[in-house]
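Here's a quick walk through the ligand site and its surroundings, with a few backbone oddities at the end. Have a look at the model first.

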Amino acid sequence: MKKALVPGTFDPITNGHLDIITRAASIFDEVVVAVALSAKKNTLFPLDRRVELVEEAVKDLPNVTVKGFDGLLTDFAFEQGAHCVVKGLRAITDFEYEFQMAAMNWQLHRAVETFFIMSPPEYMYLSSSIVRELASMNGKFEKFVPENVVPALKEAYSK
Ligand code: PNS
């Protein structure tokens with residue numbers, strides 16, 4: 001059984017994230033989407049709501065579960081019995097950061113391997129932050145997020 005962790009802040013989950021999760025689920029036997037607390041990021045949605053939104057978005061993927069976590073990713077991977085971490089790789093701006101994270105995680109836990117899945121061109125420049133910006137300024141963000149995220153974002157910015 002090959003189990004992989006797909007980590008992120010998911011504030012909120014986008015179609016780019018969903019693409020990576022779906023592809024990871026077709027490669028690995030079991031996938032745990034690990035939603036980080038990311039306390040320093042001052043997120044729009046609290047952790048439990050981000051977990052809920054990911055859960056709704058992945059409900060049709062039978063080998064995917066969703067869990068929130070705080071602390072080191074490698075510790076959580078170890079705790080979950082996952083030896084693989086899967087990250088999406090978008091345009092080159094991601095590379096430096098992801099390379100640093102993968103190198104640090106490798107030093108922390110040699111047993112945990114990082115795998116990268118290339119984002120498809122249509123999601124190369126998609127991020128949760130750009131979706132939040134669009135939604136906050138009444139831009140058309142609907143096609144960039146799973147259906148269940150649309151009302152959540154609208155509500156968040158209607159206040
Ligand atoms: O979606 P994001 O915000 O790019 O995801 C980043 C995330 C949550 C994967 C990363 O910040 C992370 O792994 N956080 C947990 C803390 C950790 O293990 N940091 C790396 C070693 S210092």
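## The ligand and its pocket

Let's begin with a polar contact: an N or O atom in the side chain of Thr9 is 2.6 Å from an oxygen atom of the ligand. Keep in mind that this is a predicted model. Lys41 also puts a polar side-chain atom 2.3 Å from a ligand oxygen, while Leu73 uses a backbone N or O atom, 2.8 Å from an oxygen atom of the ligand. As for cover, the ligand on its own has 550 Å² of accessible area, and the protein covers 74% of that.

Here are the three contacts side by side.

| Residue | Protein atom | Distance to a ligand oxygen |
|---|---|---|
| Thr9 | side-chain N or O | 2.6 Å |
| Lys41 | polar side-chain atom | 2.3 Å |
| Leu73 | backbone N or O | 2.8 Å |

Which residues come nearest to the ligand? There are 13 residues around the ligand, and the nearest are Thr9, Ala36, Lys41, Gly71 and Leu73. In terms of class, this shell has seven nonpolar residues, four polar ones and two charged ones. β1 (3–8) and α4 (93–108) each bring at least two residues to the shell, and α4 has the largest share, with four.

Zooming out, the ligand sits in the largest pocket, whose volume is about 1200 Å³. The lining of that pocket runs to 47 residues, with Gly8, Thr9, Lys41, Lys87 and Tyr97 nearest its centre. So much for the middle; what about the classes in the lining? The lining counts 22 nonpolar, 17 polar and eight charged residues.

Several elements chip in at least two lining residues each: β1, α1 (15–27), β4 (84–89), α4, β5 (113–118) and α5 (128–136). Of these, α4 gives the most to the lining, with seven residues.

## Backbone oddities

Now for the loops. Where is the cis peptide bond? The bond from Asp11 to Pro12 is cis, with omega near 0°, and Pro12 belongs to the loop between β1 and α1.

Two residues that aren't glycine have a positive phi. Ser38 has phi near 45° and is found in the loop between β2 (30–36) and α2 (47–57). For Asn138, phi is about 60°; this residue is in the loop between α5 and α6 (149–156).

Terms used
Residues are numbered from 1 along each chain as its sequence is written. This is a predicted model: local features need pLDDT of at least 70, side-chain atom pairs count only at pLDDT 80 or more; totals for chains, interfaces and linings use all residues. Side-chain values use heavy atoms; hydrogens and water are left out. A residue is near a molecule or strand if one of its heavy atoms lies within 4 Å of it. A polar contact is a pair of N or O atoms within 3.5 Å; within protein, one must be able to donate a hydrogen and the other to accept it, and residues adjacent in sequence count only if both atoms are side-chain atoms. Accessible areas come from the Shrake-Rupley method with a 1.4 Å probe; for residues, only the protein chains shown count as cover. On a 1 Å grid over the protein atoms alone, a cavity is a set of points where a 1.4 Å probe fits but cannot get out, and a pocket is an open set with protein on both sides within 12 Å along at least five of seven lines; lining residues have an atom within 4 Å of a point. A molecule sits in a cavity or pocket if more than half of its atoms lie within 2 Å of its grid points. Ala, Val, Leu, Ile, Met, Phe, Trp, Tyr, Cys and Pro count as nonpolar, Asp, Glu, Lys and Arg as charged, and the others, Gly among them, as polar. Grid points are joined across faces, edges and corners, and a volume is the space filled by probe spheres set on the points.
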